[in-house]
Amino acid sequence: MEGVIPPEQAPGPVRMCCMCRRRLPKADLDRYVRGNDATEGDQGLRADTAKSLPGRGLYVCRDPQCQDRFSRRKAARKKPKQGDGECR
């Protein structure tokens with residue numbers, strides 16, 4: 001697969017895209033976390049551009065197909081389970 005770096009050769013942390021399951025450097029993925037404020041309720045996911053918000057996150061690679069699938073899936077509208085940070 002193009003763009004995939006083996007974890008042992010990655011320059012930093014490696015995470016998995018919850019759509020295509022490719023392992024990529026954390027810097028190459030977008031992170032989403034569950035919203036905790038009154039405007040979003042506990043159900044909404046929001047982009048974590050600084051990659052520093054507390055809680056478990058979902059990671060999505062920047063491949064247009066993955067971004068499109070993520071925005072259309074229920075996973076983008078539901079909160080991740082408390083003990084699991086990956087899409088199913």
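This note goes through the chain of a predicted model, from the overall layout to a few buried side chains.

1. Layout. The chain contains five strands and one helix. In sequence order the pattern is β-β-β-β-β-α, with the helix coming after the strands. Among contacts between residues at least 6 apart in sequence, 51% join residues at least 24 apart.

2. Burial and surface. Of the 88 residues in the chain, 34% are buried. The accessible surface comes to about 5,800 Å², and carbon and sulfur atoms account for 49% of that surface.

3. Strand E5. Five of the five residues of E5 are buried, so this strand is largely enclosed by the rest of the structure. Gly 57, Tyr 59 and Cys 61 point one way from E5, while Leu 58 and Val 60 point the other way. Residues on both sides of the strand are buried.

4. Pairing of E3 and E5. The two strands run antiparallel and are joined by five bridges. Within this pairing, Val 33 stands opposite Gly 57 of E5.

5. Arg 31. This residue lies in strand E3 and counts as buried because its relative accessibility is 7%, under the 20% cut-off. The Arg 31 side chain makes two polar contacts worth checking in the model. One is with the side chain of Asp 48, at 2.4 Å. Another is with the side chain of Tyr 59, at 3.2 Å; Tyr 59 is one of the buried residues of E5. Leaving aside neighbours within four places in sequence, Arg 31 is also in contact with residues including Arg 46, Lys 51, Leu 53, Gly 55 and Leu 58.

6. Asp 48. The partner of Arg 31 in that 2.4 Å contact is found in the loop between strand E4 (45-47) and strand E5 (57-61). Asp 48 is buried, with a relative accessible area of 4%. Besides meeting Arg 31, the side chain of Asp 48 reaches the backbone nitrogen of Lys 51 at 3.0 Å. Beyond its neighbours within four places in sequence, Asp 48 is in contact with Arg 31, Tyr 32, Val 33 and Leu 53.

7. The aromatic pair. The structure holds one aromatic pair. The ring centres of Tyr 32 and Phe 70 are 4.8 Å apart and the planes lie at 40°, so the pair is tilted. Tyr 32 belongs to strand E3 (residues 29-34) and Phe 70 to helix H1 (residues 64-72), so the pair ties together parts that are 38 residues apart in sequence. Both Tyr 32 and Phe 70 are buried. Tyr 32 is also one of the residues in contact with Asp 48.

8. Cysteines. Why do Cys 61 and Cys 66 not count as bonded? The sulfur of Cys 61 has its closest cysteine sulfur in Cys 66, at 3.5 Å, which is too far for a bond; a disulfide needs the two sulfur atoms within 2.5 Å. Seen from the other side, the closest cysteine sulfur to that of Cys 66 is the one in Cys 61. The count of disulfides by this rule is zero. Each of the two cysteines is buried, Cys 61 with a relative accessible area of 2% and Cys 66 with 4%. Cys 61 points the same way from E5 as Gly 57 and Tyr 59.

How values were computed. Residues numbered from 1 in each chain as written. Predicted model: local features only at pLDDT ≥ 70, side-chain atom pairs only at ≥ 80, totals over all residues. Heavy atoms only, no water. Helix = DSSP H or I, 4+ residues; strand = E, 2+ residues; numbered from the N terminus. Buried < 20%, exposed > 50% of the residue type's maximum accessible area, 1.4 Å probe, protein only. Contact = heavy atoms within 4.5 Å. Areas by Shrake-Rupley, 256 points an atom, 1.4 Å probe, with all protein chains shown as cover. Phe/Tyr/Trp six-rings, centres within 6.5 Å; stacked < 30°, edge-to-face > 60°. Polar contact = N/O pair within 3.5 Å; in protein donor to acceptor, adjacent residues only side chain to side chain. Pairing = 2+ DSSP bridges.
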